[in-house]
Amino acid sequence: MKKLVLSAATLACATFFAQAAVAGPKIWVSMGDDAYQLLRAAHPQAKSTESHDVQVNVPRAGMLAKAVGSPESLTTRTDRIHVLQVDEDQLHRLSTEVHEKLHRCGGYIVHASRAEARQSLQELRGHLTRAKEATALAPSYAIDNQSTVTPLLTQVQESQVLSTIQKLSDYQNRFYKTSHGTAASNDLFNTWKQMAAGRTDITVSQFAHKKWPQKSVILSIKGTHAPDEIVVIGGHLDSTVGFLTGENSRAPGADDDASGIASLQEVMRVLLASNYKPKRTLQFMGYAAEEVGLLGSDAIAAKYKKQGKKVVGVMQLDMTNYQGQPTSDITLITDYTNAAQNNFVKALATAYLPELTVTQDACGYACSDHASWTKRGYAASFPFESSLAADNKLIHTPNDTLAKSNNSAAHAVKFAKLGLTFAVELASDAPVKAGQ
Ligand code: BES
Ligand code: ZN
């Protein structure tokens, strides 16, 4: 019985594919040291061709929620990442072991070739250096738009957030390769287009991906003063019940991540209803194919980087409607995010949402789309619904429904409010001044 439960849970872990599935006996992968040691214990002949260290921020143990936002509340962790070639069956066993022994998903990333594995690693390695570059581009984090933000906060409606979660979780699934996943993305595009109707400063577009049918969706409000400076709020529109997800699988993904899309769509609705005009360009993104290796956001962030786009800040909303424990409302994820911008997000909560408790935690790996932006040197933050220890155990199962959140969207509303403060405070100044 125990074994069955474990293997069912393992199926719920999405394999971390950097490319569409790769066939063949030997597969190039990269993985963290904990997973690598598990693999070596089972298969001593498996050896990395190269290994590199990546430094990430983690919370310092024993720090009070009050200390979040201070440099003393953080320390660094070194993640050793290995590149190697393995057999497919070794990988399946590794997935199970990572789930059983390390109690998490995200054991490894599959790459199309050795060159691709190396490139991905180089990008990750550079992420701290590039985080410094992002700081150089970073805007003023002054909180000085109270007269705009405060009245807007009262406009956020739980009923709106709830109905969006319901609508998205009603699709059979939103997997990146199914007809339902495509329909959900197309419907989101049409909803956003209708919301923007009549505004010539807004474009709504579908970002197509070469290797799968589900498109990412982007709504962009052009900045009045510095249209080339971009503020992003994103979440993933896809859902999964693991690598065997197919046309007929039930994957409601109410929390993961209909909730994040619902929170960000409520920010959009409130801003549009009040006819808010940002000085910087403000973009809302629904990413395709997050659950199979952050693929949609990775393609978008890569394109923005290549085009030299100035993204001044990114907020990721992935899982916003399950409050794992009463002692925290918002958990700021410290790894693969930007510390300076996280301090700003904490300050926004203190200024505008003083009733909320903000704590911090680390995912342990590149767990969501914020990592795609961080990898390209952009400042990203990831406010999460719970601590990692108390996280929603029903994600990636057919039971990730609104019922798990008592058919309420009260928790997701907090993230809509936080997103609203982020959008207005960051998009209402411009341009970035030299030396800031
Ligand atoms: N929403 C999850 C990430 C998550 C889960 C964060 C639990 C914190 C706690 C996301 O959709 C996801 O499933 N990510 C994958 C990794 C991705 C690279 C495929 C995961 O965690 O396995
Ligand atoms: Zn997920």
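These legends walk through close-up views of a predicted model.

The model is a prediction, where local features need pLDDT of at least 70, side-chain atom pairs count only at pLDDT 80 or more, and totals for chains, interfaces and linings use all residues. Residues are numbered from 1 along each chain as its sequence is written, chains are lettered from A and ligands numbered from 1 in the order in which they are written, and side-chain values use heavy atoms, with hydrogens and water left out.

**View 1. Two domains and an annotated stretch.** The chain splits into domain 1 (8-59 + 79-129) and domain 2 (146-427), with bounds taken from an automatic or database domain assignment. Their C-alpha centres sit 26 Å apart. UniProt, in an unreviewed entry, lists residues 217-415 as "domain: Peptidase M28"; its positions are given in the numbering used here, feature names are shortened, and annotations may be inferred rather than shown by experiment. That stretch is 29% helix and 22% strand, and its end C-alpha atoms are 20 Å apart. Helices (H or I, at least four residues) and strands (E, at least two) are DSSP runs, numbered from the N terminus.

**View 2. The zinc ion (ligand 2) and its protein donors.** Asp256 (OD), Glu291 (OE), Glu291 (OE) and His396 (NE2) are the protein donors, at 2.0 to 2.3 Å from the ion. Donors here are N, O and S atoms within 2.8 Å of the metal (3.2 Å for Na, K and Ca), and water is not among the atoms, so sites may look incomplete. Along the sequence, the donor residues follow the spacing D-x34-E-x104-H. Asp256 belongs to helix H9 (residues 254-273) and His396 to the loop between strand S14 (383-384) and helix H13 (410-427), so this pair ties together parts 140 residues apart in sequence. The site has 6 donor atoms with angles of 58 to 157° among them, and it is classed as irregular. For the geometry labels, four donors are tetrahedral if all angles lie between 85 and 135 degrees; four are square planar and six octahedral if opposite donors are over 155 degrees apart and all others between 65 and 115; anything else is irregular.

**View 3. Backbone quirks at Asp256, His396 and Tyr336.** Asp256 is joined to Asp257 by a cis peptide bond, with omega about 5°, and Asp257 is also found in helix H9. Asp256 counts as buried at 3% relative accessibility, where buried means under 20% relative accessible area, exposed over 50%, and partly exposed in between (1.4 Å probe, protein chains only). His396 has a positive phi of about 65° although it is not a glycine, and at 12% relative accessibility it is buried. Tyr336, another non-glycine, has a positive phi of about 60°. Tyr336 sits in the loop between strand S11 (330-333) and helix H11 (339-352) and is buried at 4% relative accessibility.

**View 4. The Cys363-Cys367 disulfide.** How many disulfides does a search of the whole structure find? The search turns up 1, a disulfide being a pair of cysteine sulfur atoms within 2.5 Å. Cys363 and Cys367 form it, with their sulfur atoms 2.1 Å apart. The link is right-handed, at 85° about the S-S bond. Cys363 is buried at 15% relative accessibility, and Cys367 is buried at 16%.

**View 5. Salt bridges between strands.** The count comes to 14 salt bridges, each a side-chain nitrogen of Lys or Arg within 4 Å of a carboxyl oxygen of Asp or Glu. One of them pairs Asp53 with Arg80 at 2.9 Å, N to O. This pair links distant parts of the chain, with Asp53 in strand S3 (residues 50-59) and Arg80 in strand S4 (residues 74-87), 27 residues apart. Asp53 is partly exposed at 37% relative accessibility, and Arg80 is partly exposed with a relative accessible area of 37%. Asp228 and Lys310 form another salt bridge at 3.0 Å, N to O. Since Asp228 lies in strand S8 (residues 226-236) and Lys310 in strand S10 (residues 310-316), the pair ties together parts that are 82 residues apart in sequence.

**View 6. A salt bridge at Asp391 and a shared network.** Asp391 pairs with Lys393, their closest N and O atoms 2.6 Å apart. Asp391 is partly exposed at 21% relative accessible area, whereas Lys393 is exposed at 57%. Elsewhere, salt bridges that share partners join Arg77, Asp79 and Asp335 into one network.
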